[in-house]
Amino acid sequence: REARPRPQRREGGKRVVDRGRGRAAAQAWVLLAWLVLVLFVHARYGDAPAATRHDARFWNGEVSLHFLNILGRYAAPPVGAHWFAPSAPCVAPPAQPCVRDAAAGRPGSAVVASARLGGDAVYTSFPPGAMVLASPVVLPLAQATGLPPLVVLRAGNLLLALLVARLLLRALDRLLAPALPGRALLLVAGCMPLLASVEVLHSHHVSMWSHQVLQPFLAALLLLALGPMRTRRAACLGVLAAIACWVEWAAFIACIALLAIVIVRSPTGQRWRNGAAFGGPALCGGRALLGYYAFLLGSPGARGWLAGLERYASALQDRLAARSVLDVRHDAGDWLQSLAQSWLTWMLAAMALLAAELWHRRARPRATSVAMAAAARDPGRAERWAAAFALCVLPLYANVLLFEHAIVYTFDRLKWGFTFALLLAFLGERLVAAYGPRAA
């Protein structure tokens, strides 16, 4: 079969495939898909969770109210009265921040009374980064527009889903073969798990917590990690990872994958320099978070800070025991069922593509296609795919580590969307290339 002419441009006197037109078309289709899904979610579930028809998929709506209550605490001056400490779990309106909690100090509650804040409660289960980033936007915008804060929060949450899909599309654009037939369609299909899935439509609408805010950070880290690994890029990755560590715990696991990616993908003479450029900011971000909680839970002086760090570590240890596999109320069957509830459609799609790939290998010999022959001349292609899978798969260990949390709180499973997106793009590329025009 003859290959369909691809959009081309001249570069250095040679004709090369122009990926810009295909990427622009894919971005337009992703935006259109997002708009359609937003209209569907608003029309069907805009009154959640008030309507009686809402089922178990709309659990966790209370976390959005907790999120807004924390923003209400941040809105009360002065800063020294709260130091951006997360409030105890509470569903009261933002005007009534829950700064006191009877569960403070109880093992497993993750709520600790802070002497520095006059005995007010500090929620230690998650870092405060997501709430700090949202504090200058949500409540001031709600006040300026007259909209309820929950409506503004949901609108911002839906915009986060669009941002994640756009960043993922750019990352997939760096992974897929440039001359692949139907490349724009495959780019759009790769983004669909992070737009049109049960979990995304739920967690980017009804519930709002740190995990939704982490999603664009993971997408941006993926996009940066796939580019040429220079020292400046490694430093940018380190700064972004340091901020992500203040958003959600899975970012600490992602830092391990990122450090390996930076070292492996750097030129031979720059590996350790680039590793230091990434590791320095990332390590500072993690240590700063520990110092922040030591400051909140301790007292003035070195011994006071050490005591605060000890209280923080003790609270985290108790919370980890309550959220881990040590929880006797759930088993592996519950975990698998919860994963299927969130991602069954895309799990089946990935398995179908894998079965088709295996059948094709067995049924007919694989001839090198034009697209894959051109892609094979790129020495870093396999390395980029390996880096992408490492960065997207390794943070999933957080769902194993926090076994109970991943079952009870559906938004903890959002991270799986990146893995399914990569699987669809990788297997789809191989199948499209297998039936595409053959190289001479």
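How much area does the protein chain expose, and what share of it do carbon and sulfur atoms supply? The protein chain exposes about 20,400 Å², and carbon and sulfur atoms supply 67% of this area. Accessible areas come from the Shrake-Rupley method with a 1.4 Å probe; for residues, only the protein chains shown count as cover.

**Figure 1. Overview of the predicted protein chain.** This is a predicted model in which local features need pLDDT of at least 70 and side-chain atom pairs count only at pLDDT 80 or more, while totals for chains, interfaces and linings use all residues. Residues are numbered from 1 along each chain as its sequence is written, and side-chain values use heavy atoms, with hydrogens and water left out. The protein chain has 18 helices and four strands; helices (H or I, at least four residues) and strands (E, at least two) are DSSP runs, numbered from the N terminus. Of its 440 residues, 50% count as buried (under 20% relative accessible area; exposed is over 50%, partly exposed in between; 1.4 Å probe, protein chains only). Among contacts (heavy atoms within 4.5 Å) with a separation of 6 or more, 74% join residues 24 or more positions apart.

**Figure 2. Segments of low pLDDT, residues 1-6 and 10-17.** The mean pLDDT (the predictor's confidence in each residue, from 0 to 100) of the protein chain is 85, and 86% of the residues reach 70 or more. Residues 1-6 have pLDDT below 50 and make 12 contacts beyond near neighbours in sequence. For residues 10-17, pLDDT stays under 50 and the model has 14 contacts beyond four places in sequence. Where pLDDT is low, the predicted coordinates should not be read in detail.

**Figure 3. The loop between helix H2 (62-75) and strand E3 (111-114).** Pro 78 lies in this loop, and the peptide bond leading to Pro 78 from Pro 77 is cis, with omega near -5°. Trp 83 is in the loop too; its phi is near 50°, a positive value in a residue other than glycine. With 37% relative accessibility, Trp 83 counts as partly exposed. Phe 84, also placed between H2 and E3, has a positive phi near 55°. The relative accessible area of Phe 84 is 27%, so this residue is partly exposed.

**Figure 4. The hairpin formed by E3 and E4.** Strand E4 covers residues 120-123 and runs antiparallel to E3, with four bridges joining the two; strands pair if DSSP finds at least two bridges between them. Val 111 stands opposite Tyr 123 in E4. Five residues lie between the strands, and Gly 118 in the turn has a positive phi of about 70°.
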